[in-house]
Amino acid sequence: MKILVAVKRVIDYNVKVRVKADQSNVDLSNVKMALNPFCEIAVEEAVRLKEKGVAEEVVVVSIGPKACQEQIRTALALGADRGVHIECDEMPDSLVAAKLLKEVVAEEAPQLVILGKQAIDSDNNQTGQMLGALTDMPQGTFASEVVVEGDSVQVTREVDGGLQTVKLTLPAIVTTDLRLNEPRYASLPNIMKAKRKPLDVKAASDMGVELTNNIELLSVEPPAERSAGVKVADVAELVEKLKNEAKVL
Amino acid sequence: MSILVIAEHDNQSLNPAMLKTMAAAQAMGDDIHMLVAGEGCQAVAAEAAQVAGVSKVLCADNAAYGHFLAENISALVADLGKDYSHIVTAATTTGKNFMPRVAALLDVAQVSDVIAVESADTFRRPIYAGNAIATVRCNEAIKVVTVRATAFDSVEATGGSAAIEAVDQVFSSDKVSFVGEELAESERPDLTSARVVISGGRGMQNGENFALLEGIADKLGAAIGASRAAVDAGFVPNDMQVGQTGKIVAPELYIAVGISGAIQHLAGMKDSKVIVAINKDEEAPIFQVADYGLVADLFDVLPALENAL
Ligand SMILES: Cc1cc2nc3c(=O)[nH]c(=O)nc-3n(C[C@H](O)[C@H](O)[C@H](O)COP(=O)(O)OP(=O)(O)OC[C@H]3O[C@@H](n4cnc5c(N)ncnc54)[C@H](O)[C@@H]3O)c2cc1C
Ligand SMILES: Nc1ncnc2c1ncn2[C@@H]1O[C@H](COP(=O)(O)O)[C@@H](O)[C@H]1O
């Protein structure tokens, strides 16, 4: 079977973003960018399914400005076979991304589509579910285990109360949680090989999807800062302060 | 136009997060209906009918909704929701699972994880793991919104007397089936609504050592949480994870034990009223947000703390 993996270019998770002085947005100039960690897990899962002989081909797709091709190359270095870049100037919001992905799904006809559960920039946690609705595919979100069995897939999901398992008829959508797997590091030879793997580029504006974002960003502010408090010497002082100063005991 | 709030429940009682979600909905508009979809969920509908501010309860009681599968629930909500101005639920794993499908079926964008309602169409929400707060205006005809419940005060659970109306539409996808679940059983208060939370990190070294937190939790009536590192290492189950990608908590008192304070962990607890950090590394970033920091070995501190309470 063919697996399609959607990967997003986002700020590196180790970087703490700053808000621009005019509060129009966060400042991403000269900030280290990377593959969204959940997407890295999605690529790893697809590659493992290929290594197990469950999948024949892993296609990665990323939507956004030209620079997204760096993240497609990263995914190719991790073992994906082929890349598709849907180019547009601005990062689309989740609904627009899902609509564009629907077009890619129509063209590629994958049996499994794996996405991250959330992009760590918008923290939206929407795209996979939206793609599921738009393509009428069933979904297994926040997956910590994925087992393909014939024409269905069993997905164990991390939910607030513990774990839930659902069985989905293929083609299906999976979104990854952190414990699904631990992504490998790309080796130097694989990074070199990735440069020669095929990467198709398409203009988002040619895909018949309305690209406007209906959620307007009015302003961005830094969160209320907590000021560091005091150090206490020992347990007795801690308990005394919690009782008499903070009054929470 | 009215607002439709989608109730989260376990077919027996309403999730307490719904009382907070109601407060957010009330800030968006006046007339609020609540949908209780489930299987054998009449008692939940009766409970919902009493919640302050609910003017009508829609009850969809059918096997198709028993496990709240996103495919079925989203089809029902999109069908019922067409004539509402807002569709609102809590940003729990349940809400996050079905709500974006509702939005896509209605062809509208969704606003996730709202922490403040400025007006009927303008909301504040954290982005970048809470390192920035965005104010957004939703220009869609129907506003599909999930709410970070910890950011709102609960409405009264009783006092209302809404009529309950049965809904008989059945949406049942044959592409998905429920296989099973492993739900954590705990006598402790729920992590997201507990007054006190005590969490352990990698510094706890193993799962057995979490017993050191239990004695304290017993005395304080606290819930027990964990960092991702502690969950990944297999010390404790995933439902205990606090953070950007785990649970968001905002208790009156949060005690972080052997947790370094990575931004992804802070994203889940830094709105707590009082934060205590116990860590042997005085440079640990957790101390930058802690009201009271104790630089010490947790294996000395925890027994002493249990005794002192
Ligand atoms: C996409 C993404 C999402 C993430 N989401 C989350 C999330 O939701 N929640 C989360 O928690 N993390 C999350 N993380 C992981 C996060 O980046 C950190 O790796 C994690 O929080 C570290 O956990 P920790 O503080 O327990 O471990 P460490 O960073 O290893 O810290 C252990 C601490 O224990 C202290 N210690 C050790 N021994 C003792 C002792 N005997 N006495 C006292 N102190 C001691 C050490 O000084 C140290 O500060 C995420 C990461 C990514 C990439
Ligand atoms: N611009 C994009 N390009 C490719 N994949 C995306 C894009 N935006 C979102 N996704 C996918 O959807 C997941 C969830 O994103 P979100 O719903 O925005 O939090 C990501 O982890 C990606 O797998």
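This briefing covers a strand sheet shared by chains A and B, a residue beside one of its strands, and a surface patch on chain A. The model is predicted. An open sheet of four strands runs in the order β12(A)-β8(B)-β7(B)-β6(B), with antiparallel pairing. Its edges are β12 (215-221) of chain A and β6 (116-117) of chain B, each of which pairs on one side only.

**Sheet pairing**

- Strands of a sheet pair through backbone hydrogen bonds, in either a parallel or an antiparallel manner.
- In chain B, strand β7 (residues 122-127) and strand β8 (residues 132-138) run antiparallel and are joined by six bridges.
- B:Ile127 stands opposite B:Ala132, a residue of β8(B).

**Surroundings of B:Ile115**

- B:Ile115 is placed in the loop between β5 (110-114) and β6 of chain B.
- Its relative accessible area is 23%, so B:Ile115 counts as partly exposed, the class between under 20% (buried) and over 50% (exposed).
- Leaving aside residues up to four places away in sequence, B:Ile115 touches B:Arg124, B:Arg125, B:Pro126, B:Ile133, B:Arg148, B:Ala151 and B:Phe152.
- One of these contacts, B:Ile133, is 18 residues from B:Ile115 in sequence, and the two C-alpha atoms are 9.2 Å apart.

**Nonpolar surface patch on chain A**

- A:Leu188, A:Ile191 and A:Met192 form a nonpolar patch on the surface, and their accessible area together is about 280 Å².
- A:Met192 belongs to helix α5 (residues 188-194) of chain A.
- A:Met192 is partly exposed because its relative accessible area is 43%, which lies between the limits of 20% and 50%.

Technical notes: Residues are numbered from 1 along each chain as its sequence is written. Chains are lettered from A and ligands numbered from 1 in the order in which they are written. This is a predicted model: local features need pLDDT of at least 70, side-chain atom pairs count only at pLDDT 80 or more; totals for chains, interfaces and linings use all residues. Side-chain values use heavy atoms; hydrogens and water are left out. Patches are made of residues with over 30% relative accessible area and no salt bridge: like charges are joined within 9 Å, nonpolar side chains (Val, Leu, Ile, Met, Phe, Trp, Tyr) within 5 Å. Accessible areas come from the Shrake-Rupley method with a 1.4 Å probe; for residues, only the protein chains shown count as cover. A salt bridge is a side-chain nitrogen of Lys or Arg within 4 Å of a carboxyl oxygen of Asp or Glu. Helices (H or I, at least four residues) and strands (E, at least two) are DSSP runs, numbered from the N terminus. Buried means under 20% relative accessible area, exposed over 50%, partly exposed in between (1.4 Å probe, protein chains only). Two strands pair if DSSP finds at least two bridges between them. Contact means heavy atoms within 4.5 Å.
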